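Hi there,

I'm passing a structure over to you today. Please have a look at it, and then read on for what turned up.

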Amino acid sequence: IANSVFLLRFYALMAAPIVNKEYLQEIEKARRDLRALIYSKNCAPIMLRVAWHDAGTYDARTRNGIPGGPNGSIRNKVELNHSANKGLETAVQICEEVKAKHPKITYADLYQEVLLMAKSALRPTEVMQFDKTLNLAGVVAVEITGGPSINFVPGRKDSNQSPPEGRLPDAKLGASHLREVFYRMGLSDKDIVVLSGGHTLGKANKRSGFEGPWTKEPWKFDNSYFVELLEGQTEGLLQLPTDKALVEDPVFHRYVELYAKDNDAFFRDYAVSHKKLSELGFTQP
Ligand code: HEM
């Protein structure tokens, strides 16, 4: 009996959730809880990062191995202990609070919803602007403060199999490493540059071997990351070797220039790449 209970639990975990009216209502409620938590704990950057690190292990070429991707596996101790994931226990713990209240929602959906919710920390006018562009890109419905209605596509399966360590990018390396990692996910040069714009939020902490924010307003989601990249090194601001590679590589450079001068183009392209990242290996149920 114990064995069959274990197996049932195992299969329930591996199965895709049934995305019915109830599931969608639960997503809606979880979204409100996430929003409140992100506001009260002021933790948008780390929440964005945990979602990216869950998704960013994806290997599109895996045949028999572990594909990785946005499947909630980052919650496993073994994966949280990967050196690239230092500090992310806090984010996983915060998500546990929401999971406990909404157990039906898969971890995979929860983390990726967090990715969309990271913008909750923006000021109302910025939220409006962000949502408008996301909506234009067909990713997210207009959502103005109070009435959460992000067009988030749920239905991701959870996996309890963690991919091997080393699939996330190493900040000490350069352009060819970035291409190797992102191409493995099936992403493009444009995706690499625009998603790196996620560094508009938050900061590095000593534990990673780097320190400091990338921009002067690390709580504001805008194109200042790209403006700073073109400015060169500014005292008090960080540029990782992988960030610098975006300026040095001629193909990446063209996108950096575009996003530095055109915030709308950044928002539009970010929305598209962000959706791709959150849906790697995911086919809508
Ligand atoms: C933080 C590396 C791409 C979002 C960091 C940190 C490193 C890093 C070393 C500091 C971590 C710490 O000290 O705790 C990289 C590399 C990337 C990359 C090498 C390759 C392109 C991305 C992407 C996103 C992202 C694609 C999201 C779309 C963030 C955020 C933080 C961060 C929001 C700040 C977290 C916080 O304040 O707690 N990244 N990252 N990064 N990264 Fe990235």
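A helix is expected to span 1.5 Å times one less than its number of residues. Helices here are DSSP runs of H or I with at least four residues, strands are runs of E with at least two, and both are numbered from the N terminus. This is a predicted model, in which local features need pLDDT of at least 70, side-chain atom pairs count only at pLDDT 80 or more, and totals for chains, interfaces and linings use all residues. Residues are numbered from 1 along each chain as its sequence is written.

The protein chain has 13 helices and two strands. Helix H13 (residues 263-278) has 16 residues and should span 22 Å, which agrees with the 22 Å between its end C-alpha atoms.

Of the 285 residues in the protein chain, 42% are buried (20 or more other C-beta atoms within 10 Å of a residue's own, with C-beta atoms placed from the backbone). In H13, the buried residues include Phe266, Phe267 and Tyr270.

Next, the largest nonpolar core (buried Ala, Val, Leu, Ile, Met, Phe, Trp, Tyr and Cys joined through C-beta atoms within 7 Å) has 52 residues. Met47, Val50, Ala91, Tyr111 and Val256 touch the most other members. Helix H3 (residues 44-55) supplies the largest share of this core, eight residues.

H3 also gives the most to the shell around the ligand, with five residues. That shell has 23 residues (C-beta atom, placed from the backbone, within 6 Å of the ligand), and Pro45, Gly198, Gly202, Ala204 and Ser208 come nearest. Helix H9 (189-196) and strand E1 (203-204) each supply at least two residues of the shell.

Enjoy exploring!

Definitions and conventions
A residue is buried if 20 or more other C-beta atoms lie within 10 Å of its own, exposed if 12 or fewer, and partly exposed in between; C-beta atoms are placed from the backbone.
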